[in-house]
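Dear colleague,

I am handing over the structure below, together with an account of what was found in it. Please read the notes with the structure open beside you.

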Amino acid sequence: MISEVMKNKRLLFNLFLIFIIAPMLVGYSMYTLDQNGFFQIQKIDIVLKTHADQKSYAREYIQRLDAQFQKFNGQSLWSFSLQNISEVLRQQKWIKDFRISRSWPSSLEVQIEAFEISLLLTDSQKLNVGLMRPVTVDGDILPEIDSRQAPSKALLKGDIFLKNLEKRKQAIDLLKSLPADGKMGVNSLSEINYNPKEGFWISMIQSDLKVKLGEDQFAMKSARVSQVMDYLEKKNLKARVIDANLSKKVLVRLQQTP
């Protein structure tokens with residue numbers, strides 16, 4: 001009987017050590033380490049998630065984030081509120097989603113998903129000094145970046161695109177209506193412009209061709225233009241302007257031969 005009582009006491013004592021004393025010792029050790037600066041934030045790692053051909057455009061934005069994050073260095077990772085990082089990230093229009101995690105003992109990891117870029121907004125003056133403003137798939141305009149870091153996207157030119165979100169969204173719809181490849185493919189597109197009288201018109205990369213598409217039905221009109229371009233190529237003719245903004249026909253103005 002006495003032996004059984006001693007066993008129970010020993011068990012209770014062991015449980016007391018495991019569940020009370022041990023956590024207290026661990027907590028005190030952590031507190032002491034924290035007070036001695038062991039958990040001070042030394043770096044904040046930013047991991048960018050986006051398409052491979054669009055990673056370069058976010059480089060300047062990440063550098064700006066790094067500068068903003070400097071104020072958090074030296075703070076205790078143990079007591080640091082991740083909300084401080086979240087508030088900074090939510091102000092960045094180029095960030096679609098993010099995830100923040102502690103990386104013990106002295107760093108943070110910020111995983112960022114960037115918005116995809118559809119177009120590059122610019123004008124002649126900005127272009128001369130190598131500056132562009134990326135436009136997201138939602139039509140939002142991002143801060144200026146160096147043109148050397150811009151993704152390979154068509155240029156959006158015209159003051160109306162800077163001021164009018166709906167026109168930017170229409171330009172993006174136009175872009176989506178084009179095929180991926182071919183003479184009227186997205187990769188062949190150089191610029192998108194807008195004229196109140198003529199509507200939207202585009203320029204192609206490998207020629208001086210100007211294609212008028214009007215205000216709507218971009219997919220149907222671009223298909224017509226593609227057929228016309230195939231015909232012109234067979235006849236060895238070069239167009240200067242193709243006007244698809246007509247009800248049932250396409251008007252072609254040929255380049256003048258010297």
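**Strands β1, β2 and β3**

Asp-45 stands opposite Glu-109, a residue of β3. Please keep in mind from the start that this is a predicted model. The pair just named belongs to the parallel pairing of strand β1, residues 43–49, with strand β3, residues 107–114, and seven bridges hold that pairing.

Strand β3 also pairs with strand β2, residues 95–103, but here the two run antiparallel and eight bridges join them. Within this second pairing, Arg-102 is found opposite Leu-108 of β3. The strands β2 and β3 make a hairpin, with three residues lying between them. Pro-105 has its place in that loop between β2 and β3, and the peptide bond that leads from Trp-104 to Pro-105 is cis, its omega being near 10 degrees.

**Two helices that cross**

When two helices pack, they are described by the angle between their axes and the distance between the axes. For helix α2, residues 59–69, and helix α3, residues 83–90, the axes come within 11 Å and cross at roughly 145 degrees, and the crossing is right-handed. On the α2 side the contact is made by Leu-65, Gln-68 and Phe-69, while α3 contributes Ile-85, Val-88 and Leu-89. Sorted by class, this contact between α2 and α3 holds five nonpolar residues and one polar residue, with no charged residues.

**The nine-stranded sheet**

The model also has an open sheet of nine strands with mixed pairing, in which the order is β6-β5-β4-β7-β8-β9-β10-β11-β12. Its edge strands are β6, residues 145–146, and β12, residues 251–254, each of which pairs on one side only.

Within the sheet, strand β9, residues 199–204, runs antiparallel to strand β10, residues 210–214, and four bridges join the two. One position in this pairing that you can look up is Phe-200, which stands opposite Gly-214 of β10. In the loop between β10 and α7 you will find Gln-217, a residue that has a positive phi of about 50 degrees although it is not a glycine.

**The two largest pockets**

The largest pocket has a volume of about 510 Å³. Its lining is made up of 17 residues, and those that lie nearest its centre are Lys-183, Gln-206, Ser-207, Leu-209 and Met-229. Which elements supply at least two residues each to this lining? They include α7, residues 218–234, and β11, residues 239–243, and the largest share, three residues, comes from α7. By class, the lining of the largest pocket divides into eight nonpolar, six polar and three charged residues.

The second largest pocket holds about 220 Å³ of space. Among the residues that line this second pocket are Asp-53, Ser-118, Lys-153, Leu-175, Asn-187 and Ile-205, and the run Ser-152, Lys-153, Ala-154 and Leu-155 takes part in the lining too. The lining of the second largest pocket comprises six nonpolar, four polar and two charged residues.

If you would like a place to begin, you could start at the cis peptide bond from Trp-104 to Pro-105, go on to the contact of α2 with α3, and then turn to the residues nearest the centre of the largest pocket, Met-229 being one of them.

With best wishes

Definitions and conventions: Residues are numbered from 1 along each chain as its sequence is written. This is a predicted model: local features need pLDDT of at least 70, side-chain atom pairs count only at pLDDT 80 or more; totals for chains, interfaces and linings use all residues. Side-chain values use heavy atoms; hydrogens and water are left out. Two strands pair if DSSP finds at least two bridges between them. Axes are lines fitted to C-alpha atoms, for helices over the stretch in contact, and angles run from 0 to 180 degrees between N-to-C directions. A crossing is left-handed if the near helix is turned anticlockwise from the far one by less than a right angle, and right-handed if clockwise. Contact means heavy atoms within 4.5 Å. Ala, Val, Leu, Ile, Met, Phe, Trp, Tyr, Cys and Pro count as nonpolar, Asp, Glu, Lys and Arg as charged, and the others, Gly among them, as polar. On a 1 Å grid over the protein atoms alone, a cavity is a set of points where a 1.4 Å probe fits but cannot get out, and a pocket is an open set with protein on both sides within 12 Å along at least five of seven lines; lining residues have an atom within 4 Å of a point. Grid points are joined across faces, edges and corners, and a volume is the space filled by probe spheres set on the points.
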